[in-house]
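Me: Please take a close look at one part of this assembly, the place where two of its chains meet, and set it beside whatever other chain contact helps to explain it. I would like one connected account that I can follow with the model open in front of me.

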Protein chains: 4
Amino acid sequence: MGALYMGNKPIIKVDSKVCIVMEQMIRLLHDCGLPMEDVDFINCDGKTMNKLLLEANPRMTLFTGSSKVADKLAVDLKGRIKLEDAGFDWKILGPDVQEVDYVAWVCDQDAYACSGQKCSAQSILFMHENWSASSLLRQMNDLAARRKLHDLTIGPVLTIGLSPRKHILAKMVTVAVSGVDDIGKQCMGLQHEEMLEHMNKLLQISGSKLLFGGEALENHSIPPIYGAIKPTAVFVPLEEILKDNNYELVTREIFGPFQIITDYKNDQLPMVLDALERMHAHLSAAVVSNDSLFLQEVIGKSVNGTTYAGLRARTTGAPQNHWFGPAGDPRGAGIGTPEAIKLVWSCHREIIYDVGPLPQHWETPPSS
Amino acid sequence: MGALYMGNKPIIKVDSKVCIVMEQMIRLLHDCGLPMEDVDFINCDGKTMNKLLLEANPRMTLFTGSSKVADKLAVDLKGRIKLEDAGFDWKILGPDVQEVDYVAWVCDQDAYACSGQKCSAQSILFMHENWSASSLLRQMNDLAARRKLHDLTIGPVLTIGLSPRKHILAKMVTVAVSGVDDIGKQCMGLQHEEMLEHMNKLLQISGSKLLFGGEALENHSIPPIYGAIKPTAVFVPLEEILKDNNYELVTREIFGPFQIITDYKNDQLPMVLDALERMHAHLSAAVVSNDSLFLQEVIGKSVNGTTYAGLRARTTGAPQNHWFGPAGDPRGAGIGTPEAIKLVWSCHREIIYDVGPLPQHWETPPSS
Amino acid sequence: MGALYMGNKPIIKVDSKVCIVMEQMIRLLHDCGLPMEDVDFINCDGKTMNKLLLEANPRMTLFTGSSKVADKLAVDLKGRIKLEDAGFDWKILGPDVQEVDYVAWVCDQDAYACSGQKCSAQSILFMHENWSASSLLRQMNDLAARRKLHDLTIGPVLTIGLSPRKHILAKMVTVAVSGVDDIGKQCMGLQHEEMLEHMNKLLQISGSKLLFGGEALENHSIPPIYGAIKPTAVFVPLEEILKDNNYELVTREIFGPFQIITDYKNDQLPMVLDALERMHAHLSAAVVSNDSLFLQEVIGKSVNGTTYAGLRARTTGAPQNHWFGPAGDPRGAGIGTPEAIKLVWSCHREIIYDVGPLPQHWETPPSS
Amino acid sequence: MGALYMGNKPIIKVDSKVCIVMEQMIRLLHDCGLPMEDVDFINCDGKTMNKLLLEANPRMTLFTGSSKVADKLAVDLKGRIKLEDAGFDWKILGPDVQEVDYVAWVCDQDAYACSGQKCSAQSILFMHENWSASSLLRQMNDLAARRKLHDLTIGPVLTIGLSPRKHILAKMVTVAVSGVDDIGKQCMGLQHEEMLEHMNKLLQISGSKLLFGGEALENHSIPPIYGAIKPTAVFVPLEEILKDNNYELVTREIFGPFQIITDYKNDQLPMVLDALERMHAHLSAAVVSNDSLFLQEVIGKSVNGTTYAGLRARTTGAPQNHWFGPAGDPRGAGIGTPEAIKLVWSCHREIIYDVGPLPQHWETPPSS
């Protein structure tokens, strides 16, 4: 919609598993009066789309999807691209323990709502030791345990291969929209064997342990090509996370009901900040604290785009009437506000009017 | 400077022919109190710089230079780049002929000041037939003729090869500045034999003719590796410009005192607009007219970034207290205004504070 | 509504002849969920309202009505007031005659739509002599002549006395809204005898003449306390308008289907500008011309708040998605845009956060 | 200066005791190139100035001075005025006691720097009981005690009568500037007998006591018409402050080294907020706390214009690169930022361009 508002003629390509939704959306727009020629819509596989992009040479492409495909497209399109790629989103609980019930509930929702399949889902939780001493983990365990297949509070993971899925491109003028917001991490979606295998690798790290979950769902008819596991949390010690041979494994993005949990002591905050700095995608984040100096320290030393701060901070509030997007990358896109739409779908153009009149008695000056 | 204002740590690389200027600038900044570690400065050839860029993996690179190198860097850096590349800048004279003396003088300055070596220099002039009937061309000829080597109103062209010249990059945080503004087109700088050869090719087009210039400068000691020709204008008929086999030749950017001139009849404006649309770089432009409807038509159907409109319009006014940069490309950079600095050297980050308090009597809601 | 959006608790007072409309509006708002205590609504005469204002001492009052009452209230409320008062709105036709049909139609609508009872109605028309030579006046006459009572394209003038009518005030926090937009000039509404008497006084000015209208409507049952005259235009020579003993008479605001028309020669533009400068209310205006220099001259030397410029300029377009209000008075209010709402119903407050931390090793400095 | 930047022609009137400073400033501006006719400067008494204002009928007047004169001028000028009047500025210390040394020093500076003669000086201090239990008061006593006449850390109060002092007005276009910033409260300046008398009245309130100061300075040659007392603080119980017969006395603004101190218990915060609400001038304020919920509560329920928040909050930081001015009054002026200058010295004007062209085949529509 943003692309249209700004006067572009977009071509939309949506992942083939969900494109039916976009098609209905476009039919609705036509019914409401959108001229037929204002938007093009294509259904094809990634290879075909890639070919189309190269030949159409669109002025701009917005890509929502995995970092791997994003980098390929950035090269193919010589940088004429904006990205809202995946994120290994973190949450930090500060030293001030308050409203444990509430924070536990937000953690449960951030990590496991929609079975964790949101690009803003909580992937890792850093707890201050004061929270470790509270009832937080027990409560999170209880909340995870009440999730059931029959009321859809837990469900299958829509595993998808690494084909380009949600790129969209503009042909003549500029281009392209993100139709269905939260499939951004699906390339990371795994069959449940793979998820459990990933978990087992994590559990081999010294000091790590399974907090809860870690089992396949039972008594269901979900086809095996989708993942279907219980809400799962694995604890890994902070020192181990930072080790070079563990870091990449621990920060692997899992598009499902899965999170890492760790804790830190007062004097280990710099180690936490170092862990954040080393992540390469900087989408959403949360700093749960009402301690002004703590907030200032963490926010000032991190770069995530959409960062929630304060006792009620969450990672998955977006997009709710505010900018949503990564930061720290000139290719970063934003959605949800007029500023974001202008950044992605328009550009500054400067018209300088100088109609005169000439000064009275003007004479030709010397050359320069 | 913009990169510094925004808190980045830039690495600066300037073309080796002019880097001495930047070095002195940085020494001045140090003398005024800039901490030594805030800016890195490197002198090297393009190949070395390219290697550095690939290894340092800067968050952002600003490149000012030729489109060819720009595209290579966009690929190497996976799109983490902003460009202020070259432009084949056009000027259109509308149907309302007024103040011929003034317009002739502005044309002379736009095309030949600094020997035409500005990235905003006038490369092509589209005259409405009403101007053809005026004394404009005769006056432009007279003005060109008064340019002399001895008072530096004409001079050598600093020919430079196609090595990357003015990229600058940020190592840790983001990156890089354009120090010396007007060498952007120098990769196009040619020895005068090449310039005259280019001219001769143009003169083979049916209906084209030499309006003035077209000869080497004489009685000087400028080394032959620099171009040194008289201010030159070649007329090419509009119909010929648009032919596929001529278009690329005519719109080749010459970084020197050289321009194309053509004219159009009232009903040929769509052909002029078509010629503009086919150009691939959209830096500066001028629409010389006080006719509101004509201005609206041309501005509405073109996309150049910095566009001067009105009887006193020029192509080379920039950067004078306004945004200067190309438009229509998501990689486009801007210089000269706070908005431009923020676009290139910073990015939006959204911090959403939600400190509470919780609603009274809050209770844990069901999962979702 | 603006007052509410900004969080105020307004008291609304609307003229007693039309307050039934506002009452229904408020009932609708309540039905849509507006809390009953958010807006107070009062029906009373001006004297009672004045007493209420003095005793309630509201933080802010927005008054829409006659200049006379506005000045009284400004004194009573010690300046805590914003005004959107009446206007003797002018239109100037520039030297470039184009699209006479269109301009004539806009003039007819600006002066006579809603029987001229809009605070933005065209009160005086300054024609460049080039327009005098066109068919404009004849066409305006034809258009006025097609207005008939039976299709309500002409109608009665709702004459109202000089009681304060549409002030509204805030009791606790700030205050007050304009509900029914176009009764602002009604205090000027006159019985038709008075209007004809005003016309006759104008016709005694040397060189003035009746262009069309000037008669009472016939065959109707409109009570005599309302004015009911045909669309009327009186020509008065520019030189006469500027005379001290005529100026006030000519620029008297008539809230009905009545306008003054005059013309000016090229070299008389300064006299026109002088006439504009001497008007004391500066609401809306129109400069009908596509001549850039003419527009620049007139706009640069006048101060009306909402000024339409260009060949299609009108005086009564407002409020259509743009700011509408007078200029040149610190008490001036605006309506119709977020900026206007903020100006009138809110104010700037600066919160400067400085949470620390203190510099390390901070020590108490000496007193100063 | 703001008035000039916006293109006005101001007349400046400064209090006769300090106008010599403004005269030199204007001479400096002339020396730097300001045209002689751009600013008018007048030296006269208040009565003469009042007459001038009434006759000149300036478009806008900015008045900096006492509320009493402000209200008179608002009436005389029919509301065409902006005010930056005096303030009885408050500071609240929240429940979180930290950095007592620092906070004591800021309190000392806010109350007694420049002998308390700043329009932003701390007039009353509300301490949470946690601060009462700290060493704060003792430290404030020590800091006050180190102030000496010989190093000018304490000095005379420049008592001035109630004549209008710093109004400035615009003659032709709009108007007027505040030259010397901190004489705003001087009308409140008192001889030391009067100050001591005021103190004695306060000490008669039940439960009140002298914390420190309360004596005339000794061994000096300051003429008796100026006040000269030691830095003084009087404690008054919160319950007593709120009593109707004490409130006006306690909140009387003293333009000198004099402050009220009180304390409150956790559950008395609503009483403190009530005390703030009843003050009639809302200039600057400080909320010293890093407790997010406390800050939110106090800031959300008060309306002072320039409000410092956080542990390092002060009342007299202004004007330091931020907006400075009162809030909650439509006549309120601001200084120090581009937004403030535009609010006071300019106004919004809307020019709507509509140059056409007409739609093809346009035909005159029916009247309406």
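Reply: In this predicted model, 68 residues of chain B are in contact with 68 residues of chain A. Between them, chain B and chain A bury about 5,900 Å², and carbon and sulfur atoms give 54% of that area. Three residues, Arg312(B), Arg349(B) and Ile352(B), supply 11% of the area that chain B buries against chain A, which is more than any other three residues supply.

The symmetry of this pair is the next thing to consider. Chain B can be laid on chain A by a turn of 180° with a shift of 0.0 Å along the axis, and the RMSD of that superposition is 0.1 Å. The two copies are therefore related as by a two-fold rotation axis. If you look for that axis in the model, a useful place to start is Gly79(B), whose C-alpha lies 1.8 Å from the axis and comes closest to it of the residues of chain B. The interface agrees with this arrangement, because 100% of the interface residues of chain B are also interface residues in chain A, so that the copies meet through the same surface.

As for the polar side of the contact, there are 10 salt bridges between chain B and chain A. One of them can be followed by eye: Arg314(B) forms a salt bridge with Asp354(A), with the closest N and O atoms 3.6 Å apart. In addition, 39 residue pairs of chain B and chain A are in polar contact, counting pairs in which both residues have pLDDT 80 or more. The elements of chain B that each supply at least two residues to the side touching chain A are the helices α4 (67-76), α5 (100-112), α12 (292-300) and α13 (338-345), together with the strands β4 (81-83), β12 (306-309) and β13 (350-353). Of that side, the largest share comes from α5(B), which gives 5 residues. Sorted by class, the side of chain B that touches chain A holds 31 nonpolar, 18 polar and 19 charged residues.

The contact also includes strand pairing between the chains. Strand β13 of chain A, residues 350-353, pairs with β12(B) in the parallel sense, and the pairing runs over 4 bridges. Within this pairing, Glu350(A) stands opposite Thr306(B), a residue of β12(B).

On chain B, the segment after β13 contains Pro357(B), and the peptide bond leading from Gly356(B) to Pro357(B) is cis, with omega near 5°. A cis peptide bond with omega of about 5° also joins Gly356(D) and Pro357(D) in chain D, where Pro357(D) is placed in the segment after β13 (350-353) of that chain.

For a second contact to set beside this one, turn to chain C and chain A. Here the contact takes 6 residues from chain C and 6 residues from chain A, and the buried area is about 470 Å², of which carbon and sulfur atoms give 66%. Leu293(C), Gln296(C) and Val355(C) supply 68% of the area that chain C buries against chain A, more than any other three residues. Between chain C and chain A the count of salt bridges is 0, while 2 residue pairs are in polar contact, both residues of each being at pLDDT 80 or more. By class, the side of chain C that touches chain A divides into 3 nonpolar and 3 polar residues, with no charged ones.

This second pair can also be described by a rotation: a turn of 180°, with 0.0 Å of shift along its axis, superposes chain C on chain A at an RMSD of 0.1 Å. Of the residues of chain C, Pro338(C) comes closest to that axis, with its C-alpha at 7.4 Å. In this contact, 100% of the interface residues of chain C are also interface residues in chain A, so these copies, too, meet through the same surface.

Finally, while chain C is in view, its loop between α4 (67-76) and β4 (81-83) is worth a look, for Lys78(C) is found there. Lys78(C) has a positive phi of about 50°, although it is not a glycine.

Note on methods
Residues numbered from 1 in each chain as written. Chains lettered and ligands numbered in written order. Predicted model: local features only at pLDDT ≥ 70, side-chain atom pairs only at ≥ 80, totals over all residues. Heavy atoms only, no water. Least-squares fit on C-alpha atoms with pLDDT ≥ 70 in both. Contact = heavy atoms within 4.5 Å. Buried area = accessible area lost by both parts, 1.4 Å probe. Salt bridge = Lys/Arg side-chain N within 4 Å of Asp/Glu carboxyl O. Polar contact = N/O pair within 3.5 Å; in protein donor to acceptor, adjacent residues only side chain to side chain. Nonpolar A, V, L, I, M, F, W, Y, C, P; charged D, E, K, R; others polar. Pairing = 2+ DSSP bridges.
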